[in-house]
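Biologist: Please take me slowly through one part of this model, residue by residue. I would like the contacts and the cut-offs spelled out as you go.

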Amino acid sequence: MIYLNAFIFAGGVCLVGELLYLHTKMTPGHITTLFVIIGTILGGIGVYDILIEVCGGGATSLILNFGNLLVKGGLEGAKIQGIFGIFQYLFKYVSTTLGYVIFLSILITLLPRVKIIK
């Protein structure tokens with residue numbers, strides 16, 4: 001059942017993103033930012049942890065989870081060290097992902113550009 005829930009949740013989020021892209025003037029950057037903010041709000045009020053329990057990997061592999069993890073780190077830092085702990089712990093759970101993205105970005109820029117001859 002968790003596989004079906006994961007598929008429905010992730011597919012639903014992708015469907016909403018596609019509909020926003022096709023029927024509004026929002027760019028992919030706007031939609032991505034919106035989804036991070038929604039994930040941040042859902043993580044802040046504790047709803048996203050329930051979604052992860054119900055949907056499993058369908059909820060943890062989306063951009064919504066990035067916002068959730070930012071809030072999770074910030075709240076943990078606030079509990080440990082107060083207001084300054086928010087900034088110290090903000091990227092605790094997303095640092096591996098950010099490092100991976102930066103590494104792949106550098107790797108892709110080093111690859112030669114292939115020119116297509118028409």
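Modeller: Happy to; we will start with a helix packing, follow its neighbours, and end at a pocket.

This is a predicted model, with local features needing pLDDT of at least 70 and side-chain atom pairs counting only at pLDDT 80 or more, while totals for chains, interfaces and linings use all residues. Residues are numbered from 1 along each chain as its sequence is written, and side-chain values use heavy atoms, leaving out hydrogens and water.

Let us begin with helix α1 (residues 2–23) and helix α3 (residues 47–55), whose axes lie 8 Å apart at an angle of about 125 degrees. Helices here are DSSP runs of H or I with at least four residues, numbered from the N terminus. The axes are lines fitted to C-alpha atoms over the stretch in contact, and angles run from 0 to 180 degrees between N-to-C directions. The packing angle therefore makes α1 oblique to α3; oblique is what remains once angles under 35 degrees (roughly parallel), over 145 (roughly antiparallel) and 65 to 115 (roughly perpendicular) are set aside. From α1, the contact draws on Ile-2, Asn-5, Ala-6 and Phe-9, while α3 brings Tyr-48, Leu-51, Glu-53, Val-54 and Cys-55. Contact means heavy atoms within 4.5 Å. By class, this gives 7 nonpolar, 1 polar and 1 charged residues, where Ala, Val, Leu, Ile, Met, Phe, Trp, Tyr, Cys and Pro count as nonpolar, Asp, Glu, Lys and Arg as charged, and the others, Gly among them, as polar.

Staying in α3, we find Ile-52. Its C-alpha is 9.0 Å from that of Ala-6, across 46 residues of sequence. Ile-52 has a relative accessible area of 24%, so it is partly exposed, that is, between buried (under 20%) and exposed (over 50%), using a 1.4 Å probe and protein chains only. Beyond its neighbours within four places in sequence, Ile-52 is in contact with Ala-59, Thr-60, Asn-65 and Asn-68.

That last partner, Asn-68, sits in helix α5 (residues 63–81). Asn-68 counts as buried because its relative accessibility is 4%. Apart from residues up to four places away in sequence, Asn-68 touches Gly-39, Thr-40, Gly-43, Tyr-48, Asp-49 and Ile-52. Tyr-48 thus takes us back to the contact of α1 with α3.

Further along α5 is Ala-78, partly exposed at 28%. Outside the four-place window in sequence, Ala-78 is in contact with Gly-85 and Ile-86.

Finally, the lining of the largest pocket holds 7 nonpolar, 2 polar and 1 charged residues.

Definitions and conventions
Helices (H or I, at least four residues) and strands (E, at least two) are DSSP runs, numbered from the N terminus.
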